[in-house]
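Work through the following exercises with the sequence and the model side by side. Each task is followed by a solution that proceeds step by step.

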Amino acid sequence: MSKKKNEITQSKIGLDTESLKKDIVSHLRYTLATKPENASEWDQYRSVVLSIMDRLNNNWLDTLDEYQKSSMKKVYYISMEFLIGRLLDNALINLGIRDTIAEACEELGMDYEKVRDVETDAALGNGGLGRLAACFLDSMATLGIPGFGYGIRYDFGIFNQKIVNGYQQERPDDWLKYGTPWAVERPTTEYAVKFYGRSVPYTDDDGNLRFKWENSQEVLAVANDIPIPGFKNNVVNNLRLWKASSTKSLDLSSFNQGEYINAVRDIELHENISRVLYPNDKVFVGQELRLKQEYFLVSATLQDILKEFRAKHDDWSLLPEKVAIQCNDTHPNLAIPELMRVLMDDEGLDWETSWDITTRTIAYTNHTVLPEALEKWTVSLMRNLLPRHLQIIYEINKRFINKIHDTFGDDVNRVRRMSIISEGEQPSVQMANLGIVGSHKINGVAALHSELIKKTIFKDFYELWPDKFTNMTNGITPRRWLYQCNPGLSELITKKIGDSWINNLSDLKALDAFASDKKFRKDYQSVKQENKQRLADYVQEKYGITLNTNSIFDIQIKRIHEYKRQLMAALHTAALYNRIKENPDLDIVPRIVIFAGKAAPGYAMAKMHIKLISSIAEKINRDPDMKGKLACHFLDNYTVTLAEYLIPAADLSEQISTAGMEASGTGNMKFALNGALTIGTLDGANVEILEEVGEDNIFIFGLEVEDLENMRREGYSSWEYYQKNAELKKVIDQINSGFYSPENPGLFHQITNELLDGNDYFMVLADYGPYADMQKEVEKVYKKPDEWFTKAIYNTARVGKFSSDRTITDYATEIWGCGPCLKKGRKFKGSKK
């Protein structure tokens, strides 16, 4: 290579300050057509990202080459959501050049913090499902597993939440207003996805009955790729997102006749598929669009997977040995009839062979224990939209019911419970049942959750196929959720025990020995205080709210849902207010209660809970008697970025869902890792956190699953709990009488009626007393900083199990049957100089 060419190459892939500066300036001039002195903050951000992409692209290509040479089994993770957050910091950390970039920016007259803050969160997900998927991608890349994410490139996120007069308002989340420099569009990688039409039988040359899908409408799925770098190993995996595009060009005849709307109507309808995350499915049009999204994702993804497989293999029996498909929840479970359709209709395989290949290739992750949350689609809708798939599903169901009869005899009730097609006036396809029948493994996401599904919603299936069911306790990536979001604590830990914990989170156990070390405990406490100040500065700038950093930061951040019981925390906050009003000299720990989270647009009760929390907060924050004692805030538009400020600053983590209703949770893991103490029920992963950190280092309260079942069976009366707890009764009476809504005294009757007349399905009143008592214990311990921070250190030290690296390793060995392309400690050849 000539010296000149080598210099150019080095400026594109070098990781030193000078190479990065040259590349940034080059992109400003030659890509963005501006000069450094004239560049806007957006120009600066894009030039930095494009320079990082140069380095990632080089490793990206090397990684794909290595995977191709290795001929290893590949993993394809299909999810409707990937809540990846902002990417710049994460990419720089995984490349090991965050400080170098900051230095390069400074020498070019840029402020790296401002450059980073230009980036908006990628609106590709809503909650825990999408954040889990993002953590998994990070871990697969870090472990060197040939893993590829597949999702949809939504133009708009679920919504941008604004709280106006205490009410949630939904506004468009236009995260792509200025585009994103992280995505590489692949316009030549596109696939036609069919909808509607009819399934037509015919006989092939060998006399076999076959089917054609005719008179269908087609939409193009166009690939957009986002690089997923591993941590300092030169691995870059791929997240492929499909954007919908019309197969039709503009109807010029209509356009020229002045029918502009008709000219673009079909194009708009096709492109709507990837327009918005989770359309309103309360109306038929929304339901149809949602089902279209799910099949659009599955069809394009399988075409992509099978194209790559066909390029190297002509024996379909090898597919389960070379390909593992993981369906993240029920949304991608249409992969089962779609793979069957391709193998039979396109490739000419018989049913038995196709079924064997399909079931050995696909696995399904369940994320709920709530029967009402299990996805189902009406037969009429599926018949109209996916006629051939409905045929295949009916045949799968017919053969499955025969198996039930062969195994259990003529048990009509069992058949009804297990059937993929439900009965009734409006029969529907039960997607969870389809996933269980058509997969080789079904996993829950926490030990308790996995046991519960075997005893409750999937009990019949477990009795038929006990070996199909397994547990994969969720995990979080330590790179983002400690190393990136909490640099102060990361530095403190690394100085004490080294940095191996970044890739081996269980190494944090070495901190156990320092929990009683006064100097370390003091340093740990100082880091927490710095993080509280950092959050206070952010909240002041973004929301105009002043936080007293000498308060206990009591935080509950998650999707707003009745079973997550934000309502119980709100009732307790109102009770604290009453205590202080009744006794202004009360010796209490100053407390700031912070809520954040979005309610689904059609979930009226959850939205009313937001209004109640906002009204309680308004009353407290306006009362001068509360100054320096109690504050309450609902921070709107919860995002990954907001979580990265809140979690390191939290003292108390609220994980108070009704026992048996939270599948796992990962927020609980993030808080504990960052030294917040958990107040929680024995639900989801709280059970395993208790086992890891020890009962002395967590505040567990409330009814357990068996208690709840017994109470419901024997007859639970919320009224009794209301009557016997004077503090609780006063709060509910205040809410009911309009104390928090004087302009509309009956505003919150919907809530109080549900608690009392509706008999409190989520057991808020039954658990309130133990919750309030445990909060008193929290205050008692917080008054003793040595004791509190000893417990906090134990939490950080003992949650190594909850690394997503461990979770992915378990998936790889127990479900996917694959291993890393990298051996421990080895890097791909890569480009690092």
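## Exercise 1: The largest cavity

The largest cavity of this predicted model has a volume of about 170 Å³. Describe which residues line the largest cavity and which elements give two or more residues to that lining.

Solution. Begin with the lining itself, which is made up of 16 residues, with Leu87, Asn90, Ile228, Pro229 and Arg480 lying nearest the centre of the cavity. Next, assign the lining to elements: α4 (88–95), α7 (128–143) and β8 (217–229) are those that give two or more residues, and the largest share, four residues, comes from α7. Finally, sort the lining by class, which yields ten nonpolar, three polar and three charged residues. For context, the structure holds eight cavities of 30 Å³ or more.

## Exercise 2: The second largest cavity

State the volume of the second largest cavity and determine which element supplies the largest share of its lining.

Solution. The volume comes to about 120 Å³. The lining of the second largest cavity includes Ser71, Met72, Lys74 and Tyr76, together with Ile305, Glu308, Phe309, Lys312 and His313, and also Lys322 and Val323. Two or more of these residues come from each of β1 (74–78) and α10 (284–312), and α10 provides the largest share, namely four residues. Divided by class, the lining of the second largest cavity has five nonpolar, two polar and four charged residues.

## Exercise 3: Glu294 and Pro648

Decide whether Glu294 is buried or exposed, do likewise for Pro648, and list the contacts of each residue outside its neighbours in sequence.

Solution. Glu294 is found in helix α10, and because its relative accessibility is 0%, under the cut-off of 20%, Glu294 counts as buried. Leaving out residues up to four places away in sequence, Glu294 touches Met80, His331, Leu334, Glu375 and Trp377.

Pro648, in turn, belongs to helix α25 (residues 640–649), and since its relative accessible area is 1%, Pro648 is buried as well. Beyond its neighbours within four places in sequence, Pro648 is in contact with Cys485, Asn486, Lys528, Asn531, Ala643 and Asn674. A separation can be added to this list: the C-alpha atom of Pro648 is 8.9 Å from that of Leu673, a residue 25 places apart from Pro648 along the chain.

## Exercise 4: The sheet and its helices

Give the strand order of the open sheet of nine strands, identify its edges, and place helices α3 and α13 with respect to its strands.

Solution. The order is β5-β8-β9-β2-β1-β10-β11-β14-β15, and the pairing is mixed. The edge strands, each of which pairs on one side only, are β5 (184–195) and β15 (469–471). Direction ignored, neighbouring strands of this sheet are turned by 25° against each other on average. At one edge, β14 (residues 442–444) pairs with β15 in the parallel sense over three bridges, and Ile442 stands opposite Phe469 in β15.

Turning to the helices, α3 (residues 41–70) lies across β1, β2 (147–152), β5, β8 and β9 (236–246), and runs at about 100° to β9. Helix α13 (residues 351–361) packs on the sheet by touching β10 (323–328) and β11 (362–365), with its direction at about 45° to that of β11.

## Exercise 5: The buried residues of α18

Which residues of helix α18 (residues 447–455) are buried, and against which elements do they pack?

Solution. The buried residues are His449, Ser450, Leu452, Ile453 and Lys454. These residues pack against β14, α19 (459–464), β15 and α28 (705–714).

Note on methods:
Residues numbered from 1 in each chain as written. Predicted model: local features only at pLDDT ≥ 70, side-chain atom pairs only at ≥ 80, totals over all residues. Heavy atoms only, no water. 1 Å grid on protein atoms, 1.4 Å probe; cavity = no way out; pocket = protein on both sides within 12 Å on 5 of 7 lines; lining within 4 Å. Points joined across faces, edges and corners; volume = space filled by probe spheres on them. Nonpolar A, V, L, I, M, F, W, Y, C, P; charged D, E, K, R; others polar. Buried < 20%, exposed > 50% of the residue type's maximum accessible area, 1.4 Å probe, protein only. Contact = heavy atoms within 4.5 Å. Pairing = 2+ DSSP bridges. Axes fitted to C-alpha atoms, helices over the stretch in contact; angles between N-to-C directions.
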